[in-house]
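Q: I've got a model open and would like a close look at one spot in it. After that, feel free to walk me outwards through the rest.

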Amino acid sequence: MERYGFLGLGIMGSAMAKNLLKAGFNVTVWNRSQDKCCELAALGATVAATPAEVTASCQITIAMLADPAAAHAVCFGAQGALEGIGEGRGYVDMSTVDAVTAKEIGKAITAKGGAFLEAPVSGSKKPAEDGTLIILAAGDRPLYDKTLPLFEKMGKKILFLGEVGRGADMKLIVNMVMGGMMAIFCEGLALAGKAGLSSADLLDVLDSGALANPMFKLKGAQITQGSFPPAFPLKHMQKDLRLAVALGDSLAQPLHAAAAANETFKKARALGLGGQDFCAVFKAVES
Ligand code: NAP
C-alpha cells in the first residue's frame with residue numbers, strides 16, 4: 001500500500017490529514033511540537049521523528065506550514081524533508097508562501113530526483129474540516145495527477161495553474177483581496193459604532209444587498225460578540241498581505257489599498273493579536 005506523508009499539523013494541517021486518514025489513506029505525520037501528533041495517531045497515523053523520516057518512507061509528502069521561514073526550515077533544516085527525497089518521491093507544499101520560496105524548494109527537490117508541486121489552499125478551518133478547500137496547484141503535472149485522489153478528499157475545487165509560482169501568486173492575490181475587505185469592513189463597523197448606529201443594523205443592511213458575502217456574515221457576528229478564536233490566525237493574514245505587497249513591488253503594480261490594509265494588520269500584530277482570528281483586526285481599528 002502506498003504511504004503518504006504529512007508535515008505540519010496546525011489548524012489546517014491537522015484537519016486535512018484527518019480527512020486523508022478517514023478516507024483510508026496510509027498516512028505518516030510529523031509536527032514540530034510532537035503533542036499535536038497524538039490525535040492523528042489515535043486515528044491510525046504513523047508518527048515520524050523527523051521530516052526526513054517522512055519523505056524517505058513516503059511516496060508523496062504534503063507540507064502545511066506557517067510561512068516561508070517554516071517551509072524553508074522543514075525542507076532545508078537538519079533531518080529536513082530534502083534529506084529523505086530521492087528518485088520517484090513527490091513533495092507537495094500546501095503552505096501559503098511567496099513564489100520565490102516555492103521555486104527555491106521546488107528546485108532543491110527536483111535536483112535530488114524528486115518531483116515538486118505547490119498547492120496552497122483557499123478556505124479556512126471549517127472548509128479544511130469539511131474537505132471543501134479550493135486547491136491552487138502548480139508544478140509537476142504527473143505529481144499533480146498522482147496527488148489528485150488526496151486533493152479530492154481535502155478540497156471541492158482543484159485547479160492546476162501551470163508552473164511553480166503561479167499557485168503562490170494566485171493565493172496571495174486572493175488573500176490580499178480578503179485582507180483588504182476585512183480591513184474596510186472593520187472600519188465600517190467601528191465608524192458605525194462611533195456614529196451611534198447599531199452594528200446589527202449595519203450587518204443587516206450589508207447582507208441585504210450586493211455587498212452580501214459569507215465572510216461578512218460569519219466574521220461580522222464574531223466581531224460584534226467580541227469572540228476571536230483563531231480559524232485563520234491574524235499573523236498569517238498579515239504575512240499574506242506583506243507577501244502580496246512585495247509581489248506588487250516586484251511587478252511595479254501599485255497596491256494602495258493592500259498596503260494600507262497591511263499596516264492595519266501590522267498594528268494588530270503589534271497589539272499582540274497575532275494568535276487570534278484575523279477578524280480581531282477590528283480591535284486595532286477601533287483602538
Ligand atoms: P498554524 O495553526 O499556525 O500552524 C502552523 C504550522 O506550522 C504548525 O504545524 C507549526 O508547528 C508549523 N511551524 C511553524 N513554524 C515552524 C518552524 N519554524 N519549523 C517547523 N514547523 C513550523 O497555521 P494554519 O492556520 O494551519 O496555516 C498553515 C498554512 O496555511 C499557513 O501558510 C497559512 O497562511 C495557510 N492557510 C491558513 C488558513 C486558515 O484559515 N487557517 C487558510 C488558508 C491557508 P507547531 O505546531 O510546532 O507550532
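What is the relative accessible area of Gln 79?

A: Keep in mind that this is a predicted model. In it, Gln 79 has a relative accessible area of 46%, so it counts as partly exposed. The residue sits in the loop between α4 (68-76) and α5 (81-84). Its backbone is worth a glance too: phi is positive there, about 55 degrees, although Gln 79 is not a glycine.

There's another residue to put beside it. Ala 252 also has a positive phi of about 55 degrees without being a glycine. Ala 252 belongs to the loop between α12 and α13 (256-270). With a relative accessible area of 69%, this alanine is exposed, whereas Gln 79 is partly exposed.

Now for a residue with no open surface. Thr 55 is part of helix α3 (residues 51-57), and its relative accessible area is 0%, so it counts as buried. Leaving out residues up to four places away in sequence, Thr 55 touches Thr 61, Ala 81, Gly 84, Ile 85, Arg 89 and Tyr 91. Two of those names take us back to where you started, since Ala 81 and Gly 84 bound α5 (81-84), the helix on one side of the loop that holds Gln 79.

Tyr 91, one of the residues Thr 55 touches, leads on to strand β5 (residues 90-93). Both faces of β5 are covered: Gly 90 and Val 92 are buried on one side, and Tyr 91 and Asp 93 are buried on the other. The strand has parallel partners, and one of them is β4 (residues 60-63), joined to β5 by four bridges. In that pairing, Ile 62 has Val 92 of β5 as its bridge partner. Strand β6 (residues 115-118) also runs parallel to β5 and is joined to it by four bridges. Here Tyr 91 comes up again, with Phe 116 in β6 as its bridge partner.

The route from β5 to β6 goes by way of helix α6 (residues 99-111), and the three elements make a right-handed β-α-β unit. Within α6 you'll find Gly 106. Its relative accessible area is 8%, so this glycine is buried. If you want a distance to check in your viewer, try the C-alpha atoms of Gly 106 and Gly 139: they are 8.3 Å apart, while the residues are 33 places apart along the chain.

A similar arrangement can be followed towards the start of the chain. Strand β1 (residues 3-7) runs parallel to strand β2, with five bridges joining them. Gly 5 stands opposite Thr 28 of β2. Together with helix α1 (residues 11-22), β1 and β2 form a right-handed β-α-β unit. Gly 24 lies in the loop between α1 and β2, and at 42% relative accessibility it is partly exposed. The C-alpha atoms of Gly 24 and Cys 58 are 15 Å apart, with their positions 34 residues apart along the chain.

Strand β2 (residues 26-30) itself is mostly covered, with five of its five residues buried. Asn 26, Thr 28 and Trp 30 are buried on one side, and Val 27 and Val 29 are buried on the other. Besides β1, there's a pairing with strand β3 (residues 46-47), which runs parallel to β2 and is joined to it by two bridges. Val 29 has Val 47 of β3 as its bridge partner.

One last stop is a helix pair. Packed helices are described by the angle between their axes and the distance between the axes. For helix α9 (residues 166-194) and helix α12 (residues 234-250), the angle is about 115 degrees and the axes are 8 Å apart. The crossing of α9 and α12 is left-handed. On the α9 side, the contact residues are Asp 169, Leu 172, Ile 173, Asn 175, Met 176, Met 178 and Gly 179. From α12 come Met 237, Asp 240, Leu 241, Leu 243, Ala 244 and Leu 247. By type, the contact of α9 with α12 has nine nonpolar, two polar and two charged residues.

Among the residues of this contact is Asp 240, which lies in α12. Its relative accessible area is 1%, so Asp 240 counts as buried. Setting aside neighbours within four places in sequence, Asp 240 is in contact with Thr 96, Leu 172, Asn 175 and Phe 232. Leu 172 and Asn 175 are also on the α9 side of the helix contact.

Conventions
Residues are numbered from 1 along each chain as its sequence is written. This is a predicted model: local features need pLDDT of at least 70, side-chain atom pairs count only at pLDDT 80 or more; totals for chains, interfaces and linings use all residues. Side-chain values use heavy atoms; hydrogens and water are left out. Buried means under 20% relative accessible area, exposed over 50%, partly exposed in between (1.4 Å probe, protein chains only). Two strands pair if DSSP finds at least two bridges between them. A crossover is right-handed if, with the strands pointing away from the viewer, the path from the first strand over the helix to the second runs clockwise. Axes are lines fitted to C-alpha atoms, for helices over the stretch in contact, and angles run from 0 to 180 degrees between N-to-C directions. A crossing is left-handed if the near helix is turned anticlockwise from the far one by less than a right angle, and right-handed if clockwise. Contact means heavy atoms within 4.5 Å. Ala, Val, Leu, Ile, Met, Phe, Trp, Tyr, Cys and Pro count as nonpolar, Asp, Glu, Lys and Arg as charged, and the others, Gly among them, as polar.
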